[in-house]
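Student: Please take a close look at one part of this chain. Then walk me outward from there.

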Amino acid sequence: MATSRGIGRPIETIRTVILSCAASVLLAPPRDGWTGHRGERNPGRQAGRGLLTGGVTVEASASPRVSVVVPVYNPGPGFDDLISSLDRQTLAPQDFEVLLCDDGSDDATRVHLDRVARNRPNVRVLHLEHTGWPGTPRNHGIQEARGTYVFFADQDDRLFEDGLEQLCDYADRNSSDVVVGKVVGVGRRIPGQIFRRDIPRAVLGKDPLLELLTPHKLFRTAFLRENAIRFPDGRVRLEDHLFVMQAYFRAERISILASRPCYAWINNAGSASSSRIDPESYFPHLESVLDLVEANVEPGARRDTLLRHWYRGKILKRMDGSRMVRYPDAYRERFLDTVTPIAQQRFGPGVERGLAFPLRIRSALLRQDRREDLLRLAEFEAGLECRTEVVSAQWLRRGKLHLTVRVDVLRDGQDALVFAEEPASEAGGADPAAIRPLRWQPPAELGEILPASELDARRDLRRDRLEVYIRDRESRTERRIAGRVAPDLHRVRITIDPLRTFARNDATASGDLVAHVRRAGWTFETPLRAEPALVEAMKPSPLLAGRRSRLVVAPDGTLGLRREWPAGRGRDLAARIVRRAGALARKVVPHRVRGVVAKALNYS
């Protein structure tokens with residue numbers, strides 16, 4: 001008790017000093033001519049356009065760092081958002097050029113493009129004959145590019161303000177032929193693995209390069225030209241896959257920049273990728289991609305890993321329950337007529353073994369051409385329901401939110417995915433310590449869908465996982481805020497750290513909490529739910545959480561996270577200072593002294 005009284009007053013003084021420092025930093029006027037973002041001068045942005053400085057036109061450089069190639073055809077209002085994002089680039093205007101490759105647009109668009117370029121010396125318009133597909137316009141961009149690098153953007157997307165600068169700097173540091181910069185989905189899902197961490201030297205087949213094969217990447221211009229890497233001309237599906245895979249196979253160094261967002265990929269309901277495919281015309285193009293892989297990779301595990309990507313994503317995922325049951329009967333037959341021989345001839349046992357459990361079942365039925373069983377499996381999957389409910393929630397003094405979540409996968413109110421360990425006698429059980437199969441017990445309506453030997457899901461059950469995302473209510477973008485492997489999905493403990501989730505200047509004020517669940521290879525997305533009484537009983541968020549944050553329950557029982565904005569800057573800065581000081585103290589202060597201080601502090 002004496003020890004606590006002895007240090008209580010100094011601790012209170014420390015708190016006061018921290019908050020005073022925070023206030024002085026926040027209230028100090030910005031220095032004239034500085035951006036406040038990276039501490040770098042950016043006179044172009046002061047002028048408001050990024051292309052005119054102090055009323056003096058900036059001349060385009062003869063050899064800019066990067067050429068941004070944009071195929072254009074009668075764009076909508078999103079095109080002006082793209083141009084605005086280019087105007088705001090932190091990269092100086094003379095260090096990048098924009099090539100608007102017009103694929104034979106109408107007269108009004110031609111006039112608009114010329115108007116865009118008129119007052120922007122680093123923007124050029126290439127008026128081309130109409131082809132109806134972006135490949136040929138992009139090839140003209142490669143041919144005309146003056147930049148050391150080429151970046152491909154689409155007409156209705158956007159770049160983050162420092163996107164081009166970050167990409168070029170990263171490519172320079174790593175001598176990269178290709179840089180995959182972080183893409184943020186707006187109204188669309190971005191695969192989760194590829195942007196977990198920076199990878200200066202990524203390896204094809206080992207690192208998650210295949211997760212995102214869109215052309216929105218940085219390429220060294222000389223590398224593309226020396227290797228004659230081009231998009232296919234004409235109306236070719238998967239033309240971006242063909243182009244990117246050529247680059248991957250020939251690149252000496254591919255780099256992934258995950259730590260800084262570079263490109264916003266906007267969902268466009270009218271795009272070719274959002275429409276139902278025509279099987280007879282689509283899958284020959286898929287086979288061209290498979291041919292490219294087989295021509296560059298010897299038979300074996302690496303080839304199987306690469307081929308598995310397209311088998312999983314372009315065939316088997318189009319056969320999941322929610323899709324298959326919605327296909328008209330005639331379309332479903334056309335689809336299966338086309339993909340069954342491809343599955344039988346192009347994807348062998350090595351490809352199938354690496355699939356997730358439900359995809360292995362689909363693959364086995366597809367390769368055996370058991371169409372009625374495929375439809376019954378789809379009907380079963382379409383009836384699955386995943387529920388996630390927070391059963392306990394509390395703030396920890398260190399500023400983190402601790403949740404316990406219960407996950408259930410149901411069908412008609414009953415546990416839908418039941419697994420049973422094979423008895424030792426049936427497993428040849430001479431060795432009681434041997435790992436026995438953990439087999440799925442299909443419901444009665446599926447019958448003996450496959451031999452028992454093909455229903456072992458133990459490997460996939462070890463990968464059961466719960467991840468929590470926050471979905472911005474305005475932009476509909478998602479970010480992962482917590483997650484863990486969960487051997488027991490009925491009781492999963494996760495921790496959310498608001499101070500690490502939200503950057504200092506992050507304007508997110510509220511968002512819905514969405515659970516992504518993996519159960520034996522089946523995947524689900526569902527709102528996180530909680531009882532109002534549980535949330536109402538929670539204490540306020542502590543100081544070390546930064547801006548005040550709280551859970552909120554909507555009338556339908558779904559859960560959200562709300563944080564104060566723009567208020568709370570002093571509290572946020574104080575929390576960051578204290579945390580940094582704590583991290584330093586853990587390195588230099590003896591453990592016993594830290595324990596005394598921790599007991600004396602009461603952050604609230």
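Tutor: First, a yardstick: a residue is buried at under 20% relative accessible area, exposed at over 50%, and partly exposed in between, with a 1.4 Å probe and protein chains only. This is a predicted model, so local features need pLDDT of at least 70, side-chain atom pairs count only at pLDDT 80 or more, and totals for chains, interfaces and linings use all residues. Residues are numbered from 1 along each chain as its sequence is written, and side-chain values use heavy atoms, with hydrogens and water left out.

Start at Ser 175. Ser 175 sits in the loop that links α6 (163-174) to β8 (178-186). Helices here are DSSP runs of H or I with at least four residues, strands are runs of E with at least two, and both are numbered from the N terminus. Ser 175 has a relative accessibility of 58%, so it counts as exposed. Its phi is near 50°, which is positive although the residue is not glycine. Most residues other than glycine have a negative phi, and most peptide bonds are trans.

Now follow the chain into β8. Of the 9 residues in β8, 7 are buried, so the rest of the structure largely encloses this strand. Look at what flanks β8. Strands pair when DSSP finds at least two bridges between them. β8 pairs with β10 (residues 218-220) in the antiparallel sense, over 2 bridges. There, Val 179 has Leu 218 as its bridge partner. β8 also runs parallel to β11 (residues 254-266), and 9 bridges join the two. Within that pairing, Val 183 is bridged to Tyr 263.

Stay with β11. This strand is mostly covered, with 10 of its 13 residues buried. Besides β8, which partners does β11 have? One is β7 (residues 158-159), which pairs with β11 in the antiparallel sense over 2 bridges. Leu 159 stands opposite Tyr 263 there. That is the Tyr 263 already met as the partner of Val 183. Another is β9 (residues 199-202), antiparallel to β11 and joined to it by 2 bridges. Here Ile 199 has Ile 256 as its bridge partner.

Next, move on to the helices. Two packed helices are described by the angle between their axes and the distance between the axes. Axes are lines fitted to C-alpha atoms, for helices over the stretch in contact, and angles run from 0 to 180 degrees between N-to-C directions. Helix α9 (residues 279-296) packs on helix α10 (residues 301-315) at about 170°, and their axes lie 10 Å apart. α9 is therefore roughly antiparallel to α10. The cut-offs are under 35 degrees for roughly parallel, over 145 for roughly antiparallel, 65 to 115 for roughly perpendicular, and oblique for the rest. Contact means heavy atoms within 4.5 Å. From α9, the residues in contact include Tyr 282, Phe 283 and Leu 286. From α10, they include Leu 306, Leu 307 and Trp 310. By class, this contact has 10 nonpolar, no polar and 3 charged residues. Nonpolar covers Ala, Val, Leu, Ile, Met, Phe, Trp, Tyr, Cys and Pro; charged covers Asp, Glu, Lys and Arg; the others, Gly among them, are polar.

A second helix pair follows. α14 (residues 357-367) and α15 (residues 371-382) pack at about 155°, with axes 9 Å apart. That makes α14 roughly antiparallel to α15. Pro 358, Ile 361, Arg 362, Leu 365 and Leu 366 of α14 meet Asp 373, Leu 374, Leu 377 and Glu 381 of α15. These divide into 6 nonpolar, no polar and 3 charged residues.

A loop residue touches this pair. Ile 449 lies between β16 (438-440) and α16 (458-461). At 2% relative accessibility, Ile 449 is buried. Leaving out residues up to four places away in sequence, Ile 449 touches Ile 361, Leu 365, Arg 370, Asp 373, Leu 377 and Pro 442. Asp 373 is 76 residues from Ile 449 in sequence, but their C-alpha atoms are 7.1 Å apart.

Two backbone details remain. Asp 412 has a phi near 55°, again positive in a residue other than glycine. Asp 412 is in the loop between β13 (401-411) and β14 (414-415), and its relative accessible area is 70%, so it is exposed. Trp 565 and Pro 566 are joined by a cis peptide bond, with omega about 5°. Pro 566 is in the loop between β23 (559-563) and α19 (569-588).

Finally, the whole chain. It has 20 helices and 23 strands. Of its 604 residues, 48% are buried.
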